Amino acid sequence: MAQLQRIAIAHSQIHNGQITLTSPQQHYLYRVLRLQSGDRLIVMDGMGKWWLAQLASETAQIIESVSVETELPIAITLMAALPKGNSFDEVVRCSTELGVTCIAPVLSDRTLLKPSPQKLQRWRRIAQEAAEQSERACIPTILEPVAFQKIVLETTANYRYLCEGRGNYPHLTNIIAEVSPPGEIAIAIGPEGGWTEAEIAFAIANGFKSVSLGKRILRAFTAPIVAVSVVATLLESIAEK
Ligand code: SAH
């Protein structure tokens, strides 16, 4: 099963067990992956469902649903301030591999640039490829770049952590013991210049707890990967017990 090619589709493409493939999907399957009519593949709807399907020209026929156990027991929303350059690409790729459910590219007081719409498309494509690569059942949602205050007010997460490099805060590893599924965890990571005092105060006033990722200051690219690794590892090891 693992060697079958996987492709993400929208749920609206399925009618009576048949999937209507878009032109880009047909191009990808037949030209890029070199599949042929009659070949089997895995189709994922990005919302937790996978099917085994068989290609038939412009459509794919669903054969059976496939159970996947590659998702974390609790949803993780990563709110990461946009770093300079292209390093957010890697944040999207790595955190998708590690299991995040949603990524909010955050504009903070010390974030310099608002990214172009093409960047959002690019991150969504990276997330899709990374989800397929990691055999995930869900493709993370990449939100439009959003002001920190806005996402802090809008989040529905019942566990909220603000990563802070300076200060004597409990390590995220210790504090994660309070989490029990189902639910959602929000993790906020600041930009290269760090959070401003006002942002920290605002987050705390809205239910965030300040947490540490260790005694060394991590780069804006490294911190989200470490935070999500810690949470994913602990959630999965708790689930095994
Ligand atoms: N220039 C800032 C560091 C910013 S690092 C300073 O000197 O303080 C970018 C972000 O990564 C921080 O805002 C924080 O969210 C996170 N981060 C980096 N190291 C961390 C650590 N040891 N513990 C918790 N969060 C950390």
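Strands are taken here as DSSP runs of at least two residues, numbered from the N terminus. On this basis, in the predicted model, Ser57 is placed in the loop between β5 (50-56) and β6 (59-66). Although Ser57 is not a glycine, its phi is positive, at about 55°. With a relative accessible area of 41%, Ser57 is partly exposed, since this class covers values between the limits of 20% and 50%.

A positive phi is likewise found at Asn16, where the angle is near 50° in a residue other than glycine. Asn16 belongs to the loop between β2 (14-15) and β3 (18-20), and because its relative accessibility is 81%, Asn16 counts as exposed.

Turning to the ligand, the model shows 20 surrounding residues, of which the closest are Cys163, Arg166, Glu192, Leu213 and Arg216. Divided by class, this shell around the ligand consists of ten nonpolar, six polar and four charged residues. Polar contacts with the ligand involve both side-chain and backbone atoms of the protein, as the following pairs show. An oxygen atom of the ligand lies 2.7 Å from an N or O atom in the side chain of Arg166, a residue that is also listed among the closest to the ligand. Backbone atoms take part as well: a nitrogen atom of the ligand is found 2.8 Å from a polar backbone atom of Leu218, and a ligand nitrogen is placed 3.3 Å from a polar backbone atom of Glu164. Of the 550 Å² of accessible area that the ligand has on its own, 88% is covered by the protein.

How values were computed
Residues numbered from 1 in each chain as written. Predicted model: local features only at pLDDT ≥ 70, side-chain atom pairs only at ≥ 80, totals over all residues. Heavy atoms only, no water. Near = heavy atom within 4 Å. Polar contact = N/O pair within 3.5 Å; in protein donor to acceptor, adjacent residues only side chain to side chain. Areas by Shrake-Rupley, 256 points an atom, 1.4 Å probe, with all protein chains shown as cover. Nonpolar A, V, L, I, M, F, W, Y, C, P; charged D, E, K, R; others polar. Helix = DSSP H or I, 4+ residues; strand = E, 2+ residues; numbered from the N terminus. Buried < 20%, exposed > 50% of the residue type's maximum accessible area, 1.4 Å probe, protein only.
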